[in-house]
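Me: Hi! I've got a fold open on my screen and would like to talk it through with you. Ready when you are.

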Amino acid sequence: MQDYLLLELSIKSIANSDDRFISKLSNLSAVIYQYMDRLNWAGFYILDETWNNLYLGPFQGKMACSNIKISEGVCGKAVRDNAVQRVSDVHSFEGHIACDSDSKSEIVLPLKKDCKIWGVLDIDSPEKNRFSQEDEEFLTRMAQIIGENVFEEKKVYEGLFTNQWI
């Protein structure tokens, strides 16, 4: 059973804080990983339209794929279709990218600011059928809050070594 109220309060607090983009995403991945049960990965991929890729952002869990082409995987499909992807068995998903062979189910939610996708929230579980309709509805609301309140209008590859994200 999820403590949706505590998770929602935490997400809203972090998303609306004065912290920088990367710090917010780091703490958001931590609270999602902490308050949602039966997960093995929770984190963010950031869209770089110039290269048609999603690049790994802050996360909790095992090592992950560093970049994902928009044409590939569950995360790429979420961006291409501009829609939540709830996959009950990732091994039956054509084109699934197996960053962690322990993952069995996944939910990916587009993150948008002013109706434009800037990234995705990706959550994996070691259990098949882990994510319910209730989880999807709750996480969709949270993705809207994160999408509108966290993103800073900077290109992903700019500022990595200039302290603008620190």
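Me: Which residues of helix 1 are buried?

Reply: This is a predicted model, and in helix 1 the buried residues are Tyr4, Leu7, Glu8, Ser10, Ile11, Ile14 and Ala15. Seen down the helix axis, those buried residues fall within an arc of 165 degrees, so they line one face of helix 1.

Me: And what sits on the face turned away from the buried side of helix 1?

Reply: That face carries the exposed residues Leu5, Leu9 and Ser13.

Me: What covers the buried residues of helix 1?

Reply: The cover includes helix 2, residues 21-35, and helix 4, residues 133-150.

Me: A Glu in that list caught my eye. Why does Glu8 count as buried?

Reply: Buried means under 20% relative accessible area, and Glu8 counts as buried because its relative accessibility is 19%. Glu8 lies in helix 1, which covers residues 4-15.

Me: Which residues is Glu8 in contact with, leaving aside neighbours within four places in sequence?

Reply: With those neighbours left aside, Glu8 is in contact with Phe138, Arg141 and Met142. Those three also appear among the helix 4 residues that meet helix 1.

Me: OK, so let's look at that pair. At what angle do helix 1 and helix 4 pack?

Reply: The angle is about 15 degrees, and the axes are 9 Å apart. That makes helix 1 roughly parallel to helix 4, as angles under 35 degrees count as roughly parallel. The crossing of these two helices is right-handed.

Me: Which residues meet there?

Reply: From helix 1 you have Tyr4, Leu7, Glu8, Ile11, Lys12 and Ala15. On the helix 4 side they meet Glu134, Asp135, Phe138, Arg141, Met142, Ile145, Ile146, Asn149 and Val150.

Me: Quick geometry check: what span should helix 1 have?

Reply: Helix 1 has 12 residues, and at 1.5 Å a residue they should span 16 Å. The end C-alpha atoms of helix 1 are 16 Å apart, which agrees.

Me: Nice. Now helix 2 against helix 4: parallel or antiparallel?

Reply: Their axes cross at roughly 165 degrees and come within 11 Å. The two helices are therefore roughly antiparallel to each other, since angles over 145 degrees count that way. Helix 2 passes helix 4 in a right-handed crossing.

Me: Who meets whom in that pair?

Reply: Phe21, Lys24, Leu25 and Leu28 of helix 2 meet Ile146, Asn149 and Val150 of helix 4. Ile146, Asn149 and Val150 are also among the residues that helix 1 meets.

Me: Changing topic to backbone torsions. What is phi of Asp114?

Reply: Phi of Asp114 is near 50 degrees, a positive value in a residue other than glycine. Most residues other than glycine have a negative phi. Cys115 has a positive phi too, near 70 degrees.

Me: Where do they lie, and is Cys115 buried or exposed?

Reply: Asp114 lies in the loop between strand 5 (105-113) and strand 6 (116-125), and Cys115 lies in that loop as well. Cys115 counts as exposed at 73% relative accessibility, and Asp114 is exposed with a relative accessible area of 59%. The cut-off for exposed is over 50%.

Me: Last one, zooming out: how many helices and strands are in the protein chain?

Reply: The protein chain has 4 helices and 6 strands, running α-α-β-β-β-α-β-β-β-α from the N terminus on. Of its 166 residues, 48% are buried. Among contacts between residues at least 6 apart in sequence, 53% join residues at least 24 apart.

Conventions
Residues numbered from 1 in each chain as written. Predicted model: local features only at pLDDT ≥ 70, side-chain atom pairs only at ≥ 80, totals over all residues. Heavy atoms only, no water. Buried < 20%, exposed > 50% of the residue type's maximum accessible area, 1.4 Å probe, protein only. Contact = heavy atoms within 4.5 Å. Expected span 1.5 Å × (residues − 1). Arc of directions from axis to C-beta. Axes fitted to C-alpha atoms, helices over the stretch in contact; angles between N-to-C directions. Parallel < 35°, antiparallel > 145°, perpendicular 65-115°, else oblique. Left-handed = near helix turned anticlockwise from the far one by under 90°.
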